[in-house]
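Trainee: I would like to learn how to read the empty spaces and the buried parts of a protein model. Could we go through one together, step by step?

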Amino acid sequence: WMSSDSSPSLSSSPTSPTPAPSSPTTSPRVVTKLYLALSVDGFIAREDGAIDWLHDLPSHPEDGDMGYAAHMDEIECIMMGNNTYKQVLTFGADQWGYGDTPLYVFTRDQSLCGAVDPLHKSVTFVNEDPKTFLATLRPSIPIGKKIYIDGGNFVSYCLQHSLIDELVLSFIPRLLGSGIRLFTSPLPEHPLSLVSSRSFHNGIVQSHYVRRGGNVEREETETAPKK
């Protein structure tokens with residue numbers, strides 16, 4: 001899912017989360033959520049991975065953080081590709097936006113499996129098929145909490161395997177013309193339901209979708225009052 005290359009120095013730690021049966025406080029159908037920004041023409045980065053264009057917009061006090069804090073409040077853990085994680089580290093410690101939320105970084109490098117990044121103790125490296133890992137992880141997530149899916153190639157893999165239930169897409173008012181696309185072929189066809197759409201003073205339009213037939217709709221159906 002992500003290529004292996006240089007990584008921060010690591011220390012040994014246990015690997016995948018311990019499988020746990022679902023209970024009244026957990027659910028195997030916990031929602032997975034994609035939350036990211038992209039250009040109007042569908043790119044999430046330039047050809048070289050640069051995202052400088054995301055920071056060119058003027059700020060407005062009424063826009064606030066455009067919902068990011070509320071998003072993170074409902075996140076129990078994060079699954080991310082290794083290339084994206086390494087790019088996040090280049091932003092500097094003061095730009096770390098994940099707090100102490102457990103973050104699983106997926107890499108093809110088997111030597112990193114189960115290692116913890118000493119820079120961020122909440123980060124564990126994983127060398128496992130994301131679909132298998134997610135099936136193990138879901139039953140341990142409390143009801144009402146979600147799993148945040150982040151990255152480039154890693155997100156593409158998750159979309160190709162129908163592993164994402166909810167999408168919050170913030171469209172930046174810019175045409176990049178070329179770069180790294182969010183949606184890459186082949187992808188299965190997925191009908192979506194629009195939950196909400198809002199615009200901000202800086203020109204960003206944020207649309208919130210759920211995948212029809214995904215875990216969001218299943219949970220709502222199961223918890224709906226019977227007539």
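Mentor: Let us begin with a term: helices and strands are DSSP runs, numbered from the N terminus, with at least four residues for a helix and at least two for a strand. Please keep in mind that this is a predicted model.

Trainee: How does one find a pocket, and what volume does the largest pocket have here?

Mentor: Rolling a probe the size of a water molecule over the atoms shows where empty space is left. In this model, the largest pocket has a volume of about 1,400 Å³, and of the 39 residues that line this pocket, Ala 37, Ile 51, Leu 54, His 55 and Phe 91 are the closest to its centre.

Trainee: Which elements each supply at least two residues of that lining?

Mentor: They are strands E1, E2 (43-45), E6 and E7 (166-172), together with helix H2 (82-89), and H2 gives the most, with 4 residues. By character, the lining of the largest pocket divides into 20 nonpolar, 16 polar and 3 charged residues.

Trainee: Where do the buried residues of helix H3 lie, seen down its axis?

Mentor: The buried residues of H3, which spans residues 130-137, are Pro 130, Phe 133, Leu 134 and Leu 137. Seen down the axis, these buried residues fall within an arc of 100 degrees, so they line one face of the helix. They pack against several elements, among them strand E3 (75-81) and helix H4 (153-160).

Trainee: Why does Cys 77 count as buried?

Mentor: Buried means under 20% relative accessible area, and Cys 77 counts as buried because its relative accessibility is 3%. Cys 158, at 1% relative accessibility, also counts as buried, and the structure holds 0 disulfides.

Note on methods:
Residues are numbered from 1 along each chain as its sequence is written. This is a predicted model: local features need pLDDT of at least 70, side-chain atom pairs count only at pLDDT 80 or more; totals for chains, interfaces and linings use all residues. Side-chain values use heavy atoms; hydrogens and water are left out. Buried means under 20% relative accessible area, exposed over 50%, partly exposed in between (1.4 Å probe, protein chains only). The arc is that of the directions from the helix axis to the C-beta atoms. Contact means heavy atoms within 4.5 Å. On a 1 Å grid over the protein atoms alone, a cavity is a set of points where a 1.4 Å probe fits but cannot get out, and a pocket is an open set with protein on both sides within 12 Å along at least five of seven lines; lining residues have an atom within 4 Å of a point. Grid points are joined across faces, edges and corners, and a volume is the space filled by probe spheres set on the points. Ala, Val, Leu, Ile, Met, Phe, Trp, Tyr, Cys and Pro count as nonpolar, Asp, Glu, Lys and Arg as charged, and the others, Gly among them, as polar. A disulfide is a pair of cysteine sulfur atoms within 2.5 Å.
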